[in-house]
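Colleague: I have a few "how do you know" questions about this one. Can we go through them with the structure open?

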Amino acid sequence: MKLPDDQTGGEENLEQYADRTRKSLIMRLQDWQDQRSWDEFYRTYWRLIYSVALKAGLRQEEAWDVVQETVLSIAKQSRRRMYDPAQGSFKRWLWNMTRWRINDQFRSRKKDTAMPLSGGDSAETDPMEGIPDSNESFERIWEAEWKNNLMKAALERVKMRVSPKQFQIFNCNVVLGMAASEIRERLHVSSAQVYLAKHRVGAVLKKELEYLRQQEREPEQ
């Protein structure tokens, strides 16, 4: 599969590549139970893992490998109940799992021009230690990526639950910040349609955000 060019391919190409990766990954889990849950897990967190891997200094193809290997690793470990809420937050646990796969990619590079993230596969290592970071704390980057991913994952769920037209109106009005007059002219809709889409889709988005936050508190792993 050809990798999308983040500079020119745009969001649509990235989404298409992610969907092809998802299908390939789920096939690798075909002998395991509850494929639907793993499909949902991938849809929710692939963007977070991918973005963080890029910001850690990996190339695109390496970042996509991190996405797949992180999901596979979590799937294998979940059979042994490796995540214990008493040991810390789900957010921190997921970062640990992601960090270890990022380390694997640095170690697998043939050239030694990049330093790997410090620490091995040990929960005792500070997951924030040694992350490439020139201007700001990587912890803030992780937090920002987490919040950004939450909204995008929720919007993807909303897209599957409302009509394409309503989502288009909502996206233009709320996400892109277009004025109602511009939306009416561009999409050939009425003021009432803009109003209804904003409030109806907004209500669905609120529910999806709460659902995802609940999953973070009580992940089904």
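Modeller: Sure, and bear in mind that this is a predicted model. Let's start with R101, which has a relative accessibility of 10%.

Colleague: Why is R101 called buried?

Modeller: Buried means under 20%, and R101 comes in at 10%, so it counts as buried.

Colleague: And why does D104 count as partly exposed?

Modeller: D104 has 28% relative accessibility. Partly exposed runs between the 20% and 50% cut-offs, so D104 belongs there.

Colleague: What makes R101 and D104 a salt bridge?

Modeller: Their side chains meet at 2.8 Å, N to O. The rule asks for a nitrogen within 4 Å of a carboxyl oxygen, so the pair passes. Both residues sit in helix α4, three residues apart, about one turn of the helix.

Colleague: Which residues do shared salt-bridge partners join into one network?

Modeller: That network holds E40, R157, R161 and E208.

Colleague: How do you know that R59 forms a salt bridge with E62?

Modeller: The closest N and O atoms are 2.9 Å apart, and the limit is 4 Å, so that one counts. R59 also meets E61 at 3.4 Å, N to O, again within 4 Å.

Colleague: What makes E62 buried and E61 partly exposed?

Modeller: E62 is at 5%, under the 20% cut-off, so it is buried. E61 is at 38%, between 20% and 50%, so it is partly exposed.

Colleague: Last one: why is L176 called exposed?

Modeller: Exposed means over 50%, and L176 has 55%, so the label fits. L176 is in the loop between α6 and α7, and together with V174 and V175 it makes a nonpolar surface patch of about 260 Å².

Definitions and conventions:
Residues numbered from 1 in each chain as written. Predicted model: local features only at pLDDT ≥ 70, side-chain atom pairs only at ≥ 80, totals over all residues. Heavy atoms only, no water. Patch = residues over 30% accessible without salt bridge, like charges linked within 9 Å, V, L, I, M, F, W, Y side chains within 5 Å. Areas by Shrake-Rupley, 256 points an atom, 1.4 Å probe, with all protein chains shown as cover. Helix = DSSP H or I, 4+ residues; strand = E, 2+ residues; numbered from the N terminus. Buried < 20%, exposed > 50% of the residue type's maximum accessible area, 1.4 Å probe, protein only.
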